[in-house]
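Here is a friendly walk through one protein chain, from its overall build down to single side chains. Keep the viewer open and follow along.

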Amino acid sequence: MENTPVTEHKLKLRNLRLSDFDDIREIMERVYRGMGGSWKFAEFSSMLARFPQGQIAIEDKGKIVSAALSLIIDFSEYGDQHTYEDIIGAGNLENHDPDGDYLYGIDVFVHPDYRGMRLGRRLYDARKELCEQLNLKGILLGGRIPSYREYASKMSPFQYCQMVKNKEVVDPVLTFQLSNDFHIKKVMPGYIPEDRQSRAYGVLLEWNNIYYEARKKPLFGGRKSTVRTSVVQWQMRHFSSPEDFLAQAEFFIDTVSGYNSDIVLFPELLNVPLMAGFNQEDPPEAMRSLAGYTETLRQAFADMAISYNINIITGSMPEYRDHRLYNVSFLCRRDGTWDAQYKLHITPDEQQYWGLQGGDDLRVFETDIGKIGILICYDVEFPELCRYLADQGMNILFIPYWTDTKNGYLRVRRCAQARAIENECYVAISGSVGNLPRVANMDIQYSQSGIFTPSDFSFPHDAVAAEATPNTEMTLMVDLDLDLLKELRQTGSVRNLRSRRLDLYNITWLKGEQRRNLVRE
């Protein structure tokens, strides 16, 4: 008598990673054949960027065999009559609301070879644990009723749900959900139009978090819905020393913090006046010498962020390391932490004159005023970058720039305004003015700094929140209402983010090995 081989498993519950996409696609193509198949990579990567904790999986010996996807919503915005598309939007979790009150389950699937192992129950338990950890009111989901197709001619979907609830009928989805302590709130027509088995009906189900505690607005450090944003239009002038330069920067920081600004933006390469002390006959060497001040200046700005209780975007400065010259902007938070964003696209002049090179990473930064992005000057002329940031939840984009002529300035301004409209976000730009003799390639400046908005009824008629007087040193201070962005994305006259055809195109950030392979090809 032959022994039947025993299949050994090594199951592990964890959060999903980008590298899991091929496994996810394989499962979904099998599970949802005839219903749209798998999520696209761009949608999957956006889910992980916006709400990584909510994307849970079970692996077996390193291979994903089941997964549960979710986001957080404000239930009052959707109510008990909505569709699946209302919740998922364009499929990239753009409707995820970190300040919402319910976890909403948008997908659970198990590899057909692993059915019967109760993996779905494990995933549901993990969701419940996450809900409790996040102190949300509960979990909502729109459940399918695939066996309703056999009863549709005999009874209404509500009657069918009651039959399942009373255990007179077994539905492969609803029965499982009810057994996991969910209760029926509503039957929703047209929930998933292509779900022919359920006759397009969805059942709104709720699991209540008994440990939920009504959240009080924190006394300190709560989320800001209105952000006081300041921009410095900086006069280029000669400074005798780094200390002299910092004194001028501190004047503006002191001024705007006195008006309780939350964040201040300085322009690109604002410290180049210090380059006058180096050899102007050798511009590449002078710029590398200027980079020797950068760490000292960054630390000084970080100290001022704490002492003046304001987040500071330091414009940009040169950084020289590993025999490569970069242009970098520092975000100095008022809690003492800091981050850096490198300029990605280098203009022909910058490359030829100084030998600048572009960075290779783009990030959304978490701050006490929400998620922000930074693009340095020329980078704003590449719309893919801002869209990539918007997909990760960015609300305010900051652009330090330097331009010498009006046509150069208008390229930056027009693109910045376009980015605000395309991505339904605020955009602040800061440049420098004046003349700077004896500093090669930085002798003249042109600027009209500004803060731009989306274009809809809730915003200024010209989509300009504020703008500086051209070529005059000054500051701008504007209160930006983040809740207006939230409303725009849900109910605006047009909804650029939601209306994208992700079935036709997407933006994918290439990782190191992918870039190297592309170069080799």
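What share of the contacts in the protein chain with a separation of 6 or more comes from residues 24 or more positions apart? In this predicted model, such pairs account for 71% of those contacts.

**Overall build**

The protein chain has 521 residues, and 54% of them count as buried. Its secondary structure comes to 14 helices and 21 strands. Taken along the principal axes, the C-alpha atoms fill a box of roughly 90 × 60 × 40 Å.

**Strand 12 and its partners**

A good place to start is strand 12, residues 324–332. Eight of its nine residues are buried, so strand 12 is largely enclosed by the rest of the structure. The table lists its pairings.

| Strands | Sense | Bridges | A residue pair |
|---|---|---|---|
| Strand 10 (residues 311–313) and strand 12 | antiparallel | two | Ile312 opposite Cys332 |
| Strand 11 (residues 317–321) and strand 12 | antiparallel | five | Arg321 with Arg324 |
| Strand 12 and strand 13 (residues 338–342) | antiparallel | five | Leu331 opposite Asp339 |

Two hairpins belong to this group. Strand 11 and strand 12 have two residues between them, and in this hairpin Asp322 takes a positive phi near 50°. The hairpin of strand 12 and strand 13 has five residues between the strands, and Gly336 in the turn has a positive phi of about 100°.

**The six-stranded sheet**

Further along the chain there is an open sheet of six strands in the order 14-15-16-17-19-20, with mixed pairing. Its edges are strand 14 (365–367) and strand 20 (464–467), each of which pairs on one side only. On average, neighbouring strands in this sheet are turned by 20° against each other, direction ignored. At one edge, strand 14 pairs with strand 15 (residues 370–374) in the antiparallel sense over three bridges. Within this pairing, Phe365 has Ile372 of strand 15 as its bridge partner.

**Helices 11 and 12**

Two packed helices are described by the angle between their axes and the distance between the axes. For helix 11 (residues 383–390) and helix 12, the axes come within 10 Å and cross at roughly 35°. The crossing is right-handed. Helix 11 contributes Pro383, Cys386, Arg387 and Ala390 to the contact, while helix 12 contributes Arg419, Glu422 and Asn423.

**Cysteines**

How many disulfides does the model contain? The count comes to zero. A disulfide is a covalent bond between the sulfur atoms of two cysteines. Is Cys131 buried or exposed? Cys131 counts as buried because its relative accessibility is 0%. Cys386, already met in the helix contact, is likewise buried, at 0% relative accessibility. The count rests on a cut-off of 2.5 Å between cysteine sulfur atoms. For Cys386, the nearest cysteine sulfur is that of Cys425, 4.5 Å away, and Cys386 is in no disulfide.

**Helix 13 and what it packs against**

Helix 13 covers residues 482–491, and its buried residues are Leu482, Leu484, Leu485, Leu488, Arg489 and Gln490. Which elements do these buried residues pack against? They pack against strand 8 (226–235), strand 16 (396–400), helix 12 (406–423), strand 17 (426–430) and strand 21 (474–481). Among these elements, strand 16 and strand 17 also appear in the order of the open sheet. At the start of helix 13, a side-chain oxygen of Asp481 reaches to within 2.9 Å of the backbone nitrogen of Asp483.

**Two buried hydroxyl residues**

Let us finish with Thr229 and Ser261. Thr229 is found in strand 8 and counts as buried because its relative accessibility is 0%. Not counting residues up to four places away in sequence, Thr229 touches Ile263, Phe398, Ile451, Leu476, Met477, Val478 and Leu480.

Ser261 is found in the loop between helix 7 (242–258) and strand 9 (263–265). At 2% relative accessibility, Ser261 also counts as buried. Which residue does the side chain of Ser261 join through a polar contact? The partner is the side chain of Ser230, at 2.6 Å. Leaving aside neighbours within four places in sequence, Ser261 is in contact with Arg228, Ser230, Val256, Asn309, Ile310, Arg334 and Met477. Met477 is thus listed among the contacts of Ser261, and Thr229 touches Met477 too.

Technical notes
Residues are numbered from 1 along each chain as its sequence is written. This is a predicted model: local features need pLDDT of at least 70, side-chain atom pairs count only at pLDDT 80 or more; totals for chains, interfaces and linings use all residues. Side-chain values use heavy atoms; hydrogens and water are left out. Buried means under 20% relative accessible area, exposed over 50%, partly exposed in between (1.4 Å probe, protein chains only). Helices (H or I, at least four residues) and strands (E, at least two) are DSSP runs, numbered from the N terminus. Contact means heavy atoms within 4.5 Å. A polar contact is a pair of N or O atoms within 3.5 Å; within protein, one must be able to donate a hydrogen and the other to accept it, and residues adjacent in sequence count only if both atoms are side-chain atoms. Two strands pair if DSSP finds at least two bridges between them. Axes are lines fitted to C-alpha atoms, for helices over the stretch in contact, and angles run from 0 to 180 degrees between N-to-C directions. A crossing is left-handed if the near helix is turned anticlockwise from the far one by less than a right angle, and right-handed if clockwise.
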